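Colleague: Let us go through this model contact by contact. Keep the answers short.

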Amino acid sequence: MKTLAIIGYSGSGKTTLLCAIVPLLREAGLRVAAIKATHHDVRWDEPGKDSWRLQQAGAEPTLLVGPERWYLSRPAAPEDWQAMLATLQPVPDLVLSEGNRDWPIPRLLVHRAALGRDLRWRAGEEVLAVASDTPLKIGVPCLDLNDPPAIARFLLHWYGE
């Protein structure tokens with residue numbers, strides 16, 4: 001299993017890009033999982049509901065099962081990113097993580113010039129490429145943000161290395 005962080009400022013097009021490349025990567029035969037990081041507390045249940053009450057009672061993990069989906073909940077431990085990845089079953093070929101900047105995994109930076117912000121690139125990060133809506137002269141490949149098939153081909157090549 002390979003992992004890749006998709007990093008960029010809010011409004012840069014990270015989710016739109018992921019929604020465009022996931023089907024292309026799947027068509028190429030990869031099992032793709034996605035992780036969406038948020039700074040907000042996320043709840044799939046409501047205080048007072050049975051699943052919430054079971055969590056409050058100490059059940060860990062808690063699984064909520066419906067007719068078309070199920071949700072697994074356990075307390076967050078962002079620093080234990082490998083344990084989070086280990087819960088993905090069946091094991092995917094590729095995990096695309098939108099956000100999670102602190103995970104020590106390779107990155108694809110997403111840059112939109114209209115936001116007027118610098119690249120979200122910190123020293124020491126392993127950046128594979130930048131997907132941008134304007135050409136950039138940088139030390140890694142600059143991919144056209146508006147060409148998801150080209151980005152998918154780049155990722156397939158990286159995956160096969």
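**Contacts and cover**

Colleague: Which accessibility class does R112 fall in?

Modeller: There are three classes: buried is under 20% relative accessible area, exposed is over 50%, and partly exposed lies in between (1.4 Å probe, protein chains only). R112 has 25% relative accessibility. So R112 counts as partly exposed.

Colleague: At what pLDDT do side-chain atom pairs count?

Modeller: Residues are numbered from 1 along each chain as its sequence is written, and side-chain values use heavy atoms, leaving out hydrogens and water. This is a predicted model: totals for chains, interfaces and linings use all residues, local features need pLDDT of at least 70, and side-chain atom pairs count only at pLDDT 80 or more.

Colleague: How many salt bridges does the rule give?

Modeller: Side chains of opposite charge can pair when their charged atoms come close. The rule asks for a side-chain nitrogen of Lys or Arg within 4 Å of a carboxyl oxygen of Asp or Glu. The count comes to six.

Colleague: How far along the chain are D93 and R31 from each other?

Modeller: D93 and R31 form a salt bridge, with closest N and O atoms 3.1 Å apart. D93 sits in the loop between α3 (81-86) and β5 (94-98), and R31 in the loop between α1 (14-27) and β2 (32-36). Helices (H or I, at least four residues) and strands (E, at least two) are DSSP runs, numbered from the N terminus. The two residues link distant parts of the chain, at a separation of 62 residues.

Colleague: Which of the two is buried, D93 or R31?

Modeller: R31 has 44% relative accessibility, so R31 counts as partly exposed. The relative accessible area of 15% belongs to the buried partner, D93.

Colleague: What is the residue separation between R112 and D133?

Modeller: R112 and D133 form a salt bridge, the closest N and O atoms being 3.7 Å apart. R112 lies in the loop between β6 and β7, D133 in the loop between β7 and β8 (142-144). The pair links distant parts of the chain, with a separation of 21 residues.

Colleague: Which residues share partners in a salt-bridge network?

Modeller: D133 is partly exposed, because its relative accessibility is 25%. The network is built from salt bridges that share partners, and the residues joined are R101, R107 and E125.

Colleague: Which residue in β7 is the bridge partner of L108?

Modeller: Strands pair if DSSP finds at least two bridges between them. β6 and β7 are parallel and pair over five bridges. In β7, L108 has as its partner A129.

Colleague: Which residue stands opposite I7 in β6?

Modeller: β1 (residues 2-7) runs parallel to β6, joined by three bridges. In β6, L108 and V110 point one way, R107, L109 and H111 the other, and all are buried. The one opposite I7 is L109.

Colleague: Which aromatic residue has R117 over its face?

Modeller: A charge sits over a ring if NZ of Lys or CZ of Arg is within 6 Å of the ring centre and within 35 degrees of the ring normal. K2 lies over W158, at 4.5 Å from the ring centre. R117 is 3.8 Å from the ring centre of Y9.

Colleague: Which elements give two or more residues to the nonpolar patch?

Modeller: L63, V65, W70 and L72 form the patch, with about 430 Å² of accessible area together. The elements are β3 (62-65) and β4 (70-73).

Notes:
Patches are made of residues with over 30% relative accessible area and no salt bridge: like charges are joined within 9 Å, nonpolar side chains (Val, Leu, Ile, Met, Phe, Trp, Tyr) within 5 Å. Accessible areas come from the Shrake-Rupley method with a 1.4 Å probe; for residues, only the protein chains shown count as cover.
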